[in-house]
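Visitor: I'd like a close look at the nonpolar interior of this protein. Could you take me through it, step by step?

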Amino acid sequence: MRAGFPDFRLGSVLATSFTGTLSERHGNAVERIPTPPRLIDWLAVYGLAVDSCTTAQLDLARELRESIHAAATAAALQDALPASAVKVINDCSAQGRAAAILTPEGQRQWQLSSASSVEDALSVIAADAISIIAGERDGRLALCASPTCQAAFFDTSQSRTRRWCDMNTCGNRQKKARFNANQSKKPSSAE
């Protein structure tokens, strides 16, 4: 991993983790893939290693990310999916050459060929987005309760009532704010 960049916010769902490469969308936004090499790093973390990335490919990745975010947000709110976002997701999904393989542990994993490009990796992310937005997986799309974040995430908790995209960041930040607000309301003890 290259130093000097914000940490990746990793999750177990590829598509919504990818949208998390831009966090705090309604506050001080944090871009976690600011350069082509940083996108290569993120893809490698998710087993989608590619050798190179151009600025145009980074722009395409960001366009896909924002399209997934827009479609997932609409799905979470049970609104109509934005046509432009659906087009970008479908176009990216159709562009790639990746194969689903079965691991010895019985898990599905995506395999890119040695000649794979960023577009091939983006097709895997787009296909993952399609599966969650279409409701093919067990879980529900939700939006983070943090007013500065509001990231779309895929809730697979048993009760499907998760409120935060990530408990270690947004959840803890909100709990700390609530604790501090409660502390300031308590009367100070007189000596």
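Guide: Here is a walk through the interior, with a stop at the cysteines and at a pocket. Please keep in mind that this is a predicted model. The chain has an average pLDDT of 86, and 92% of the residues score at least 70. Confidence peaks in helix H3, with a mean of 97, and is lowest in helix H6 (residues 167–185), with a mean of 71. As a general caution, where pLDDT is low, the predicted coordinates should not be read in detail.

Let's begin with the largest nonpolar core, which has 37 residues. Its members that touch the most others are Phe18, Leu39, Leu64 and Ile125. Two or more residues come from each of helix H1 (14–19), helix H2 (36–45), helix H3 (55–76), helix H4 (83–95), helix H5 (118–133) and strand E6 (152–155). H5 gives the largest share, 9 residues.

Leu39 is a good place to zoom in. Leaving aside residues up to four places away in sequence, Leu39 touches Phe18, Ile33, Cys53, Gln57, Leu58, Ala61 and Val118.

There is also a second, separate core of 8 residues, with Ala142, Cys144, Cys149 and Cys165 among them. With several cysteines there, you may wonder about disulfides, but the structure holds 0 of them. For Cys149, the nearest cysteine sulfur belongs to Cys165 and lies 3.7 Å away. A pair counts as a disulfide when the sulfur atoms are within 2.5 Å, so Cys149 is in none. Both cysteines are buried, because the cut-off is under 20% relative accessible area and Cys149 has 2%, while Cys165 has 18%.

Now for Leu141, which is found in strand E5 (residues 140–143). Its relative accessible area is 11%, so Leu141 counts as buried. Beyond residues up to four places away in sequence, the contacts of Leu141 are Thr16, Ala72, Ala75, Ala76, Ile132, Ile133, Phe153 and Phe154. As a distance to check in your viewer, the C-alpha atoms of Leu141 and Ser131 are 11 Å apart, with their positions 10 residues apart along the chain.

To finish, have a look at the largest pocket, whose volume is about 370 Å³. Its lining has 15 residues, and those closest to the centre are Leu14, Tyr46, Arg108, Gln109 and Trp110. Strand E4 (108–112) and H5 each supply at least two lining residues. H5 thus appears in both places on this walk: in the lining of the largest pocket and in the largest core.

Note on methods. Residues are numbered from 1 along each chain as its sequence is written. This is a predicted model: local features need pLDDT of at least 70, side-chain atom pairs count only at pLDDT 80 or more; totals for chains, interfaces and linings use all residues. Side-chain values use heavy atoms; hydrogens and water are left out. A nonpolar core is a set of buried Ala, Val, Leu, Ile, Met, Phe, Trp, Tyr and Cys residues joined through side-chain atoms within 4.5 Å. Buried means under 20% relative accessible area, exposed over 50%, partly exposed in between (1.4 Å probe, protein chains only). Helices (H or I, at least four residues) and strands (E, at least two) are DSSP runs, numbered from the N terminus. Contact means heavy atoms within 4.5 Å. pLDDT is the predictor's confidence in each residue, from 0 to 100. On a 1 Å grid over the protein atoms alone, a cavity is a set of points where a 1.4 Å probe fits but cannot get out, and a pocket is an open set with protein on both sides within 12 Å along at least five of seven lines; lining residues have an atom within 4 Å of a point. Grid points are joined across faces, edges and corners, and a volume is the space filled by probe spheres set on the points.
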